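Biologist: I'm new to this one, so please take a close look at the inside with me. I'd like to hear about any closed-off space and whatever surrounds it.

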Amino acid sequence: MSYFYREYHDGPDPLAPPYDVRSALDEMGDAILSGSTPLDALRDLLRRGLPGAPDRRGLDDLLRQVRRRRRDLRENTRLDGTLERARALLDKAIGQERAELFPDPSDEARFRESALDALPSDTSRAVQELADYDWRSAAARQTFEELRDLLRREVLDSQFRGMRDALANPDPAAMERVRQMMSDLNDMLDRDARGEHTQDDFDRFMQKYGDMFPENPRNLDELVDQLARRAAAAQRLLASLTPEQREELAGLINHTLEQAGLTEQMRRLGDALYARRPDLAWGAPERVSGEQPMGMGDAVTALQELADLGDLETALRQDYPGARLDDIDEAAIRRALGRSAVDDLEALRQVERELEAQGYLRRNRGKLELTPKAVRRLGETALRRVFASLDSGRRGDHDQRDAGTAGEPTGSTRPWRFGDEQPIDVVRTVVNGVRRGGGAPVSLSVDDFEVVETERRSAAAVCLLVDLSYSMALRGTWAAAKQTALALQALVASKFPQDAVQIIGFSNYARVLRPDELAGLEWDMVQGTNLHHALLIAGRHLDRHPDFEPVVLVVTDGEPTAHLMRNGVPRFEWPPSQETLTLTLAEVDKMTRRRATINVFMLAADDRLREFVDEVARRNGGRVFSASADRLGEYVVSDFLRARRTR
């Protein structure tokens, strides 16, 4: 048999490895661990561009190009080019006619000159009055016909892009075909409004008139969208002119349509397009300041592009609720910036999709959240940062990245029992299979497995109490507190899985924080530092684990200013009331009776806080640390490890 191979084109490569978004998540993690929400971190990543891909542009790069293109269009566009050209041709025709009449001494010649002198200064009205004028000069008649051809081409091109080329050599048959096309188009729109239109109707229409629509729409909706955007741009063209220019050009348009027999069909089409796309900016003026005059068709194209660029700029900013990269129109990107920009956008979209597909991000009621999988990775990142800041002599004891066991190996093994978490002794297990008579390859049964016996470690019930009050954000310490909580969570999960850790956030209230909500957590914009409530919750956690060694760590930047009343409502007072301090210290005494040492990490150095934590240390026997924000994680993790080694 013979085989041949070719490049795979039908969809994505089925053998391609999964897209690696870990570096993207790490980039997001830097922002999240510094206090950003997951949504803001993702937006920042997409704006900057992908890490490790310098050839790929981010949204900010694309946005700069769009704004540059809009600026160039505004600074190089003048909208009255058709009006200026029409005036020039009209003056030329009148001059040629006068030159023909001047040598003629007859009264008829003087009468004609008087009629030319009486023409209104308004170009559109002058053209209308000369519509039935019997030109004496053949050159003037030809120039006037050139003017009428110009207006016909520009007016139709302003509504149907590419029509100017189709009417380059006008003849009655060509104009009749345009009239028939518009009639068929309006009839098709009417049938669609009644629910009677089919794709076959559209295909037959395009087979007959497809050369008039160079954008090659695939269905009626695409055709309506193209025509509506162009019609709206034509209306914006009129709105962007001065009142005098607007009146002149509108008069020329109406006269041209009337001469071509298209007035009624154009009115029907305009009404149908507006009814289907009223969301377009139909009458909004556009500020342009260029010196290069443009014909009406080109000016409408420029205004249409300006509108598209404006919508594209809004989508690229991604600063509205629920913004997604899928909101960005790929066709608009291709028209404005070219194929390479489409590839850049697709690379960004792939990151956004894969972060969700690979289980790092999820959307909950429109809100972007980190999954537990992502939180674990960010916790490991935070822990590595903490270990990196510790001295190198102690690094080997800390940089534990694999899952821990329940104790140290004793050197002996025993048969595996259901529920065992000790590591499998592979050598003894295989030897048991061979001794039982297993052939080659060795066939193992459940009875063959043996596990490594370990010394039982004492487990700890860990409570980390983190201040979420508004002052943490004002002092710039909230990001460090969040990184510390993530690092401690990751450390316990990896090196001390038998420990029971609980992270409690407190402001006016206290609450238990789940690991999956910890990374995306924000400080509370409320008044109150309710350490009393936090210690109550921590005490319940310790009571649920009476055989565990208690570990209580408190991270705060202020003395208690709130307590929980008997009815469950917090009470805030500043300066702190005596009742708040008494109730909080009562919970400290309860912790002391539980034999739980409270270590406090101060992120501020004011006198009231020092006085309070000194009293806590006197009553409880715990230690007080005055930690800077950048070394908070190192202090907390080091103290936890010291306590675990001591026990």
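Modeller: Let's start with the word cavity: on a 1 Å grid over the protein atoms alone, it is a set of points where a 1.4 Å probe fits but cannot get out, and lining residues have an atom within 4 Å of a point. Grid points are joined across faces, edges and corners, and a volume is the space filled by probe spheres set on the points. Bear in mind that this is a predicted model, where local features need pLDDT of at least 70, side-chain atom pairs count only at pLDDT 80 or more, and totals for chains, interfaces and linings use all residues. Residues are numbered from 1 along each chain as its sequence is written, and side-chain values use heavy atoms, with hydrogens and water left out.

Searching the whole structure turns up 3 cavities of 30 Å³ or more. The largest cavity holds about 100 Å³ of space. Who sits around it? Its lining is made of Q159, F160, R161, M212, F213, P214, E215, L223, Q226, L227, R230 and Q304. Helix α11 supplies the largest share of that lining, 4 residues. (Helices, H or I with at least four residues, and strands, E with at least two, are DSSP runs numbered from the N terminus.)

Helix α11, residues 220–240, has another job on the list: it gives the most to the largest nonpolar core, namely 11 residues. That core has 121 residues, and L185 and F213 have the most contacts inside it. Here a nonpolar core means a set of buried Ala, Val, Leu, Ile, Met, Phe, Trp, Tyr and Cys residues joined through side-chain atoms within 4.5 Å. Buried is under 20% relative accessible area, exposed is over 50%, and partly exposed is in between, using a 1.4 Å probe on protein chains only. F213 is also one of the cavity's lining residues.

What does L185 meet? Not counting neighbours within four places in sequence, L185 is in contact (heavy atoms within 4.5 Å) with F160, F205, L223, L227 and L269. Among these, F160, L223 and L227 turn up in the cavity lining as well.

Now the loops around here. H197 is in the one between α9 (172–193) and α10 (199–209). H197 is buried, at 18% relative accessible area. Setting aside residues up to four places away in sequence, H197 touches M188, R191, D192, F202 and L220. N216 belongs to the loop between α10 and α11. Unlike buried H197, N216 is exposed, with a relative accessible area of 54%. The phi of N216 is near 55°, a positive value in a residue other than glycine.

Finally, a glance elsewhere. A second, separate core has 26 residues, including V588, M591, I598 and F612. Residues 578–593 form α24, and P575 lies in the loop between β10 (570–572) and that helix. P575 is joined to W574 by a cis peptide bond, with omega about 0°. On the other side of α24, R595 sits in the loop leading to β11 (597–602). R595 is exposed, at 73% relative accessible area, and has a positive phi near 65°, again in a residue other than glycine.

Technical notes: On a 1 Å grid over the protein atoms alone, a cavity is a set of points where a 1.4 Å probe fits but cannot get out, and a pocket is an open set with protein on both sides within 12 Å along at least five of seven lines; lining residues have an atom within 4 Å of a point.
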